[in-house]
Structure formats: C-alpha cells, structure tokens
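Q: I should like to learn how to read burial, contacts and salt bridges in a structural model. Could we work through an example together?

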Amino acid sequence: MNAAAQNRGGKIVAANNLYTAILALAFLVVAATAAFVAVKCHLQYGTIFTIPIP
Amino acid sequence: MSALTKILIILLAFSSFFLCGIVVTYVATEDNYKEKYDSQRKRAQVAIADKNRAEKLLEERKNAYEQQEDKLNAKIALLVSEAKDIGNKLTSEQRTNANLLKSVSDMTSVVETSDQTAQLQTQLFKDAQAKLQLALAKQEKDQRELDELSKSLMQKMAIIDDLEIQKKRLAEEKVELQAKLANFLQPAGKVIVEPLLVTPKIGFAQPVDIRIRNIGTSDVGAGDVGTRDIGLHGLITDVKMKHSMAQISIGIAHGVKENMKFYVTRDSKFVCEIRIIDVDNEKSVGLLERVELEPRVGDTIATNL
C-alpha cells in the first residue's frame, strides 16, 4: 500500500486510481451477478433463499 | 501500493469476472426445474388417474370375465353332457349300423335267392304267356262260335215268341170253343171232359226231374176228347101249373146252373122237362116244357134219362 496516499487530507485516498477502478468494476460485476441470480431465482421459484415447497 | 497488492487486485478482479461469467452463464442456461416439477407432477397425477381408471376398468373386465367364464363353464358342462349323449347315440347308432350291415348281408343272400326265383318265375311267365296266347286263340274261336249260337238263339227266340202268340190265340179259341160246347151240351145233361194230353206240359225253366215226372204221369193216348153225364138227381118240391113252373130240391150247391135241363120221371115214365131259369143255393126254379103228364110234388128229376 502507498503511504503517501493514505495521508492526504485525513481521508483514504487511492494510491492508484486504475486499480481502484478495477476493484470497483469487479465489485459491480459481482453485484450485478448476485442481482441477476436473485431475480432469476425469484422468477423461477418464487423465493430467493428458501427451498420452494410444492 | 506494492506490486504484490496490484497483482492481487488484478487476480481478484479477473477471478471475479471469471466467476461471475460462469455463474451468469450457468444461471442463464439453467432449466426451470419448478416448471418441470409442475409438469411432472401433473403428468404423475394424470398417470395416477389413468391408473385408477385402468384399475377400475380392470376390475370391471375381471368381473365380466368371471361372468363370461361362469357362462362358458355352464356351456361347457352342457356341451359335455351333450357330448356324452351324442357319444351314447353314436354307440347305439354304431350298434344299429352293425345290425343293418348284418341285415344287408342277409338281404344280399335273400336278393340272390330272389333273383334266382325271379329267373324261374320269368321262365314260368313265358310258358304261361305262351299258354295264354293259345287260350286267347281258342277263346276267339269259341267267341265266334258263341256269336253264331247267339244269332241262332235269337232267331229261335223270335220263333218261340211267335209260337207263344199262336199258343195264346189257340188257348183263347179253345176257351171260346169250350164255352160254346158247354152251352151246347148243358141242355143235354152233359159236360166236357178234359182230354188227357199226349204231349206233357212243360213250362219254362223247370228242373229236369219235374219234366221227367210230368212226362211219367201223363197218360199218353189214355183218353179221348168227349163228354160225360152231369149226373144230378133230385125231387120236385112245388108245382105251379098255372105259370108252368116247378121248384126242385137242388141248387147251386149241387151244381145246378141256369138253362140246365132236367127230365121229370115218375115210375119210369116220362113226365116233362124243366129248364132252369132261377137258381138258389138249395133249390131251383124252372119252366115246364114238353109236358106229357101233369108233374106233381115228389116226382124225380134227373139230368140224364
């Protein structure tokens, strides 16, 4: 981790914006995947976390 | 930021991309198992209903089969009994057939015997036919002779009819002549004596013995045609000289007839004649004729002197 970035303005500052964007993109991809799976489960089974009872 | 951190960020990012891509691909291409479950459930329910229906149908078919089986068993029993009856009939028919075969063999021998007899009968028939031909020829000849005899018989019958007519005429003439002769002889105190016929009387269709007896009793040439005396005698019972009439003591019962003449005698003397004019049963009355002496009661009268 870059020490210069951590000290700027008392806030956490990204040492390199590129890697931050990559992390954000990864986060968005994981979130979109989770949402897609949730929607798909709800559409197909009517529930997201429980086992559907026939 | 260290190089290791950067490498980890990159690895984490790519692994996240990779994992998310796999998950999305999997979830997107995954089958809808709920729908499959529902469809399978429906199919299972339909299959259960079909099963129940099939079981019910099976039960009905089973019952129908049992009923049909019972009927068929009854029919089989009936047919078995009929088969037994038919078997019994067959046995009896076989016995009958055997008897008939035996009878046929017997009849065959009888037929052979009959054939021989028929041949013999045929020969006899031919002989009899030949005899019949001869008899027919003879019969024709006899028939011709019979026709001729019939013709002659008819002619003789016609002659006999003529003779019968002549005989009747002669008999009538005879009766007439006899009446005339009786009237002629009666005053003389005589009657006709029937002559004994030379030819015997033979009627039609008399038996032979009667004809012979008639011929035997006939006195051929024993009598002649002639007269005999009447032979009546009596007495005078009353005299009416005023009327020239006298009554005598005999009448119809003694054979006295009208116009009969009586001679009156007294002691062998001729007195007179009396011609009868009225006749009663026991007495008669007549006129006095050729009176030579006066008649008196008690004088004798006679038809013949």
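Q: Is A:Thr47 buried or exposed?
A: In this predicted model, one compares the relative accessible area with a cut-off: under 20% counts as buried. A:Thr47 has a relative accessible area of 17%, so the residue is classed as buried. A:Thr47 sits in the segment that follows helix H2 (17-45) of chain A.

Q: With which residues is A:Thr47 in contact, beyond its neighbours within four places in sequence?
A: With those neighbours set aside, A:Thr47 is in contact with A:Cys41, A:His42 and A:Pro52. In addition, the side chains of A:Thr47 and A:Thr50 make a polar contact at 2.7 Å.

Q: Which residues are in contact with B:Ser16, neighbours within four places in sequence aside?
A: B:Ser16 belongs to helix H1 (residues 3-29) of chain B. Its contacts, with those neighbours left out, are A:Ala26, A:Val29 and A:Val30. B:Ser16 has a relative accessible area of 12% and is therefore buried.

Q: How is the size of an interface expressed, in general?
A: The usual figure is often the accessible area that is lost when the parts come together. Here, chain A and chain B bury about 1800 Å² between them, and carbon and sulfur atoms give 74% of that area. Of the area that chain A buries against chain B, A:Tyr19, A:Gln44 and A:Tyr45 supply 32%, more than any other three residues. The contact involves 18 residues from chain A and 22 residues from chain B.

Q: How many salt bridges and polar contacts are found between chain A and chain B?
A: The rule finds 0 salt bridges across this interface. The count of residue pairs in polar contact, both at pLDDT 80 or more, is likewise 0. By class, the side of chain A that touches chain B comprises 13 nonpolar, 4 polar and 1 charged residues.

Q: What is the secondary structure of chain B?
A: Chain B contains 3 helices and 8 strands. Read from the N terminus, its elements run α-α-β-α-β-β-β-β-β-β-β. Of the 305 residues in chain B, 14% are buried. Among contacts in chain B with a separation of 6 or more, 58% join residues 24 or more positions apart.

Q: Where do B:Glu176 and B:Lys180 lie?
A: For a salt bridge, both the distance and the placement in the chain are instructive. B:Glu176 and B:Lys180 both lie in helix H2 (residues 33-185) of chain B, 4 residues apart, about one turn of the helix. Their side chains meet in a salt bridge of 3.8 Å, N to O. B:Glu176 is partly exposed at 46% relative accessible area, whereas B:Lys180, at 52%, is exposed.

Q: Which parts of the chain does the pair B:Asp299 and B:Arg266 link?
A: The closest N and O atoms of this salt bridge are 2.8 Å apart. The pair links distant parts of the chain, 33 residues apart: B:Asp299 is in the loop between strand E7 (284-289) and strand E8 (300-302), and B:Arg266 is in strand E5 (residues 261-266) of chain B. Both residues are buried.

Q: What distance separates B:Glu289 and B:Arg275 in their salt bridge?
A: Their side chains meet at 2.7 Å, N to O. B:Glu289 is in strand E7 and B:Arg275 in strand E6 (residues 269-279) of chain B, so the pair ties together parts 14 residues apart in sequence. B:Glu289 is partly exposed at 24% relative accessible area, and B:Arg275 is partly exposed at 28%.

Technical notes
Residues numbered from 1 in each chain as written. Chains lettered and ligands numbered in written order. Predicted model: local features only at pLDDT ≥ 70, side-chain atom pairs only at ≥ 80, totals over all residues. Heavy atoms only, no water. Contact = heavy atoms within 4.5 Å. Buried area = accessible area lost by both parts, 1.4 Å probe. Salt bridge = Lys/Arg side-chain N within 4 Å of Asp/Glu carboxyl O. Polar contact = N/O pair within 3.5 Å; in protein donor to acceptor, adjacent residues only side chain to side chain. Nonpolar A, V, L, I, M, F, W, Y, C, P; charged D, E, K, R; others polar. Helix = DSSP H or I, 4+ residues; strand = E, 2+ residues; numbered from the N terminus. Buried < 20%, exposed > 50% of the residue type's maximum accessible area, 1.4 Å probe, protein only.
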